[in-house]
Amino acid sequence: MELQLALDLVNIEEAKVLVKEVESFIDIVEIGTPIVINEGLHAVKAIKEAFPNLKVLADLKIMDAGGYEVMKASEAGADIITVLGVSDDSTIRGAVEEARKQGNKIMVDMINVKNIETRAAEIDALGVDYICVHSGYDHQAEGKNSFEELAAIKRVVKQAKTAIAGGIKIDTLQEVISAKPDLVIVGGGITGAENKSATASQMQQWIKQA
Ligand SMILES: O=C([C@H](O)CO)[C@H](O)[C@H](O)COP(=O)(O)O
C-alpha cells in the first residue's frame, strides 16, 4: 500500500514548502486540478525538478484527447496522469497508448461514474494502471465517502491497482486501510493538519504496516 499527497489549494512555491516537510513519508505527490488550472503544467515540471525522487501525478482529469494531453503532461515530467472514468473508451485507450510510449502510468478517476462495478470492469480491461474511487469536494460537502465504491471495484478489478481519494483524515485512515486499497490519496488530511510531518509520518507508518 502506498501514500499519495494531494496538493490542491496552493501555488507552486507553497507546494514546494509542503512537499519538503513530508517528502520522506509519501510515495507520490499529486499536482491537483486547481493547481494545474492556476499555474498550468509548469507546476508539474517545477515539483518534478525539485523532488526528482518522488513520483509526480498530474491530476488533469482528462475527458477528451487522451493521447495528446498525456503527451503534454509527460513532457512536463508527470509519472502518472489522471483520466476520467466517464470518458469514452477511445479517450482512455489513447491515454494508455501514449503513457506506454512515454513509460508513464494512467490513473482513472471514477468520480461521478454511476454504474461503478460495470464501468470499473470495462476500464480494467483497457489496461489502465490505477482505478481510483473518489468523493470530490462537492460530494464531501454532502457528507459522502467512497468506502462502498472501493469494495465494489475490488470485486471486479483484476489487473489495475485500486486507489481511494476524498476527505481522508487521520481519524478515518484505519477504516480506509482495512478496505485494502493499493494506494491511499490524502490532501487536506495532511495539508490542513497542525503538524503536517507528524501526521504524514503516522499515516505512512500505518499504511506500511498494513
Ligand atoms: O482531486 C481532488 C479534488 O477533486 C480537487 O481537485 C483532491 O485532490 C482529492 O479529493 C484529495 O483531496 P482531499 O479530499 O482534500 O483529501
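**Exercise 1.** Place aspartate 27 and trace its partners, starting from the polar contact that joins its side chain to that of lysine 208.

*Solution.* The side chains of aspartate 27 and lysine 208 make a polar contact of 3.2 Å. Such a contact is a pair of N or O atoms within 3.5 Å; within protein, one must be able to donate a hydrogen and the other to accept it, and residues adjacent in sequence count only if both atoms are side-chain atoms. The model is predicted: local features need pLDDT of at least 70, side-chain atom pairs count only at pLDDT 80 or more, and totals for chains, interfaces and linings use all residues. Residues are numbered from 1 along each chain as its sequence is written, and side-chain values use heavy atoms, with hydrogens and water left out.

Next, the backbone. The aspartate 27 side chain reaches the backbone nitrogen of leucine 3 at 2.7 Å.

Then the location. Aspartate 27 lies in the loop between α1 (12-22) and β2 (28-31). Helices (H or I, at least four residues) and strands (E, at least two) are DSSP runs, numbered from the N terminus.

**Exercise 2.** List the polar partners of the ligand's oxygen atoms, then describe the shell.

*Solution.* Start with the side chain. An N or O atom of the lysine 61 side chain is 3.0 Å from a ligand oxygen.

Now the backbone. Glycine 167 places a backbone N or O atom 2.9 Å from an oxygen of the ligand. For glycine 188, a polar backbone atom is 2.9 Å from a ligand oxygen.

Next, the elements. Those giving two or more residues to the shell are α2 (33-39), β3 (55-62) and α7 (137-141).

Finally, the composition. The shell holds four nonpolar, seven polar and four charged residues. Here Ala, Val, Leu, Ile, Met, Phe, Trp, Tyr, Cys and Pro count as nonpolar, Asp, Glu, Lys and Arg as charged, and the others, Gly among them, as polar.
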